[in-house]
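Here's a quick briefing to read alongside the model. Have the sequence and the 3D view open as you go.

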2 protein chains.
Amino acid sequence: MATSTVENYLKATLLHEQECDGIVPMGALVEALGVVPGTVTTMVKAMATQGLLEHESRQGVRLTPIGRALALGVLRKHRLVETFLVQTLKMDWSEVHEEAEALEHAVSNRVLERIDEFLGRPTADPHGDPIPDATGTIADTAAQVTLQGSAINKALRVTRILDQTPDFLAYVQETGLKPGAWVKVVRRDETSGVVHCEMKTGQKITLGLPVAAKIVVGALV
Amino acid sequence: MATSTVENYLKATLLHEQECDGIVPMGALVEALGVVPGTVTTMVKAMATQGLLEHESRQGVRLTPIGRALALGVLRKHRLVETFLVQTLKMDWSEVHEEAEALEHAVSNRVLERIDEFLGRPTADPHGDPIPDATGTIADTAAQVTLQGSAINKALRVTRILDQTPDFLAYVQETGLKPGAWVKVVRRDETSGVVHCEMKTGQKITLGLPVAAKIVVGALV
DNA sequence: AAATGTATTTTGATTAGTCAAAATGCAAGT
DNA sequence: ACTTGCATTTTGACTAATCAAAATACATTT
C-alpha cells in the first residue's frame, strides 16, 4: 500500500497535469508539497522505480496508468470526505480542506463506499469540484465558462470555485458566490479589468478579471 | 504533535494499566503493538524523555499525567469513530475496530466535536466500552459483573463485550449477546466449567467460564 | 547456592522521508 | 558565443521507527 507521502505526490501530480499539458515540472511539486527541490527529486525517482511515475530528467514527471488510478482514488476520497464534512457534519465550508487532507489517507475503501452511499453518490464536492467515481472516471472539466468569459445579462448558476485557499473561500462565503448561487454578469470592462455582477438578492459585486476567472458558471437548469 | 506510533503506544499503555495495577510490562506492549521487544524498549525510552511515560528499567512503564491525557484523547477518538461508523454509516459491528484504528489518528478535535454532537454525546461505543468525555473523564469500569459471576435466574442486560477480536465479535453477533440484549443465567456449574444462559427469544446458550467472563451485564433498567 | 528459563536491554543495521548546500544543466539575453 | 539566472540533481547527513541477534538481569526451580 502507498504511504500518505506517496499518495500526496500522486495527487499533486494529478492536480497539475492539466495546466502543464502532461509533464509536471519538479518545481510544481516542490511548491505543492512544501518540501525542498532535492526531496522531490529523490521521491520521484523512488516512485518511478515503483512504476507510479515516469521521470524525464530535468523536465518533470508524468503519471503512469497505475499512478493515475491511485491518484484518482485519493482525489475521490478527498472530495467525498469534504462533501461529508460539510453536508453531514455541518462543518464550515471553508475549513474542511485541511481536514480532508488528513482523512483522505486514513479512510478505507470500505468506509468510503458507505460515505458515498450515505451521501447519495454525489458528483461534485462543496467547491463544485468533480468527484471521480469508483472506477476512476471523472467528469470532463475542460472548456468551463467562468465569470471572466460568460455571456452578459444572462442568469447563471455558480458551479465551481477554482481557488481553495482559505482566504478566497472566506470571500466567496461572504459574498454568497457559492456553488448553486444565482448570478448575472451585468457588465464586463476589459479596460478597467473588472466584472460587475448581480446576485439574486439584487446585491451588486465587482470583481477583478483574474478573480472572476476563478468562478465557474453554468446554465441555470 | 504526537505521531500515530506514539499515540498507539500511549493507548496500549492506557488499556493495560488496569490489569497490571499501574505498571505495564514491556511484554504487554510488545504483544499489543506487534513489534519486537527491542523496539518497545527504544520507543519507550524516547517517550520517557518526552515526558509521556515513566520507564522503570526491567519493570515496565507508567503513564505520566500528560501521557494519560493524550491516551484518553486517542481512546475517545477511537470509540466515537467506532460508534459513528456503526450508527451513522451502518457498518458491521464487528468490522469497525480496524477502521477506527486508522481513523483515530487522522480525526482532528474539531471533527471529533462535530461527530460527538451529531451522535448526541454517547457515553459508550457499540461494544459497550465507555467513551471518555472531552475533559478526559471516563466512567468507572471497575467492579463490573460478568456472566461468570452474575446472579442466577435474574433478568439482566448485556452492557459490554470485553474481547474485541473479530472472531469473538462474530460469535457475539451470531448468538445475539450484543450490548442491550436481554439475558438470564439459568445455571452455573463450576465443576464442568460452563454457564447456561437463556435469551429473550427462549434460545439457550452454553458458555465456558472464561468466555462468560468477557460478557459484562447489568440491571435491566 | 547453582542452574534454568524468560523478559528485557543493547548493539548494529535498515527503510522512508526529509534538509542543507554544493554541483550541474539549460534556456535566454546580451 | 558567452554569460547570467533559474531549475534540477547530487551528496552527505539526520530523524523516526523498525528488526535481528547477542547480551544481560531476574525470578523460580532444583
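A residue counts as buried under 20% relative accessible area, as exposed over 50%, and as partly exposed in between, using a 1.4 Å probe on protein chains only. Keep in mind that this is a predicted model, where local features need pLDDT of at least 70, side-chain atom pairs count only at pLDDT 80 or more, and totals for chains, interfaces and linings use all residues. Residues are numbered from 1 along each chain as its sequence is written, chains are lettered from A and ligands numbered from 1 in the order in which they are written, and side-chain values use heavy atoms, with hydrogens and water left out.

**Helix α2 of chain B**
- Helices here are DSSP runs of H or I with at least four residues, strands are E runs of at least two, and both are numbered from the N terminus.
- In α2(B), residues 26–33, the buried positions are B:M26, B:A28, B:L29 and B:V30.
- Those buried residues pack against α1, α3, β1 (53–56) and β2 (60–63) of chain B, with contact meaning heavy atoms within 4.5 Å.
- Just past the end of α2(B), B:G34 has a positive phi of about 65 degrees.

**DNA strand D**
- Taking "near" as having a heavy atom within 4 Å, 20 residues surround DNA strand D, and A:G27, A:K45, A:H55, B:T3 and B:T39 come nearest.
- On the DNA side, sugar and phosphate make up 76% of the strand D atoms that come within 4 Å of the protein.
- Helix α3(A) gives the most to this surface, with four residues.
- For N or O pairs within 3.5 Å (polar contacts), look at the backbone of A:G27, which has an N or O atom 2.6 Å from a phosphate oxygen of strand D.
- B:V36 also uses a backbone N or O atom, 3.0 Å from a phosphate oxygen of strand D.
- The side chain of B:R58 goes for a base instead, with an N or O atom 3.2 Å from a base oxygen of strand D.

**Aromatic rings**
- Phe, Tyr and Trp rings (six-membered ring for Trp) pair if their centres lie within 6.5 Å, and planes under 30 degrees apart are stacked, over 60 edge-to-face and the rest tilted.
- That rule gives five aromatic pairs over all chains.
- B:F84 and B:F118 are edge-to-face, because their ring centres are 6.0 Å apart and their planes sit at 70 degrees.
- B:F84 is buried at 5% relative accessibility, whereas B:F118 is partly exposed at 38%.
- A:F84, A:F118, B:F84 and B:F118 form one aromatic cluster.

Technical notes. A polar contact is a pair of N or O atoms within 3.5 Å; within protein, one must be able to donate a hydrogen and the other to accept it, and residues adjacent in sequence count only if both atoms are side-chain atoms.
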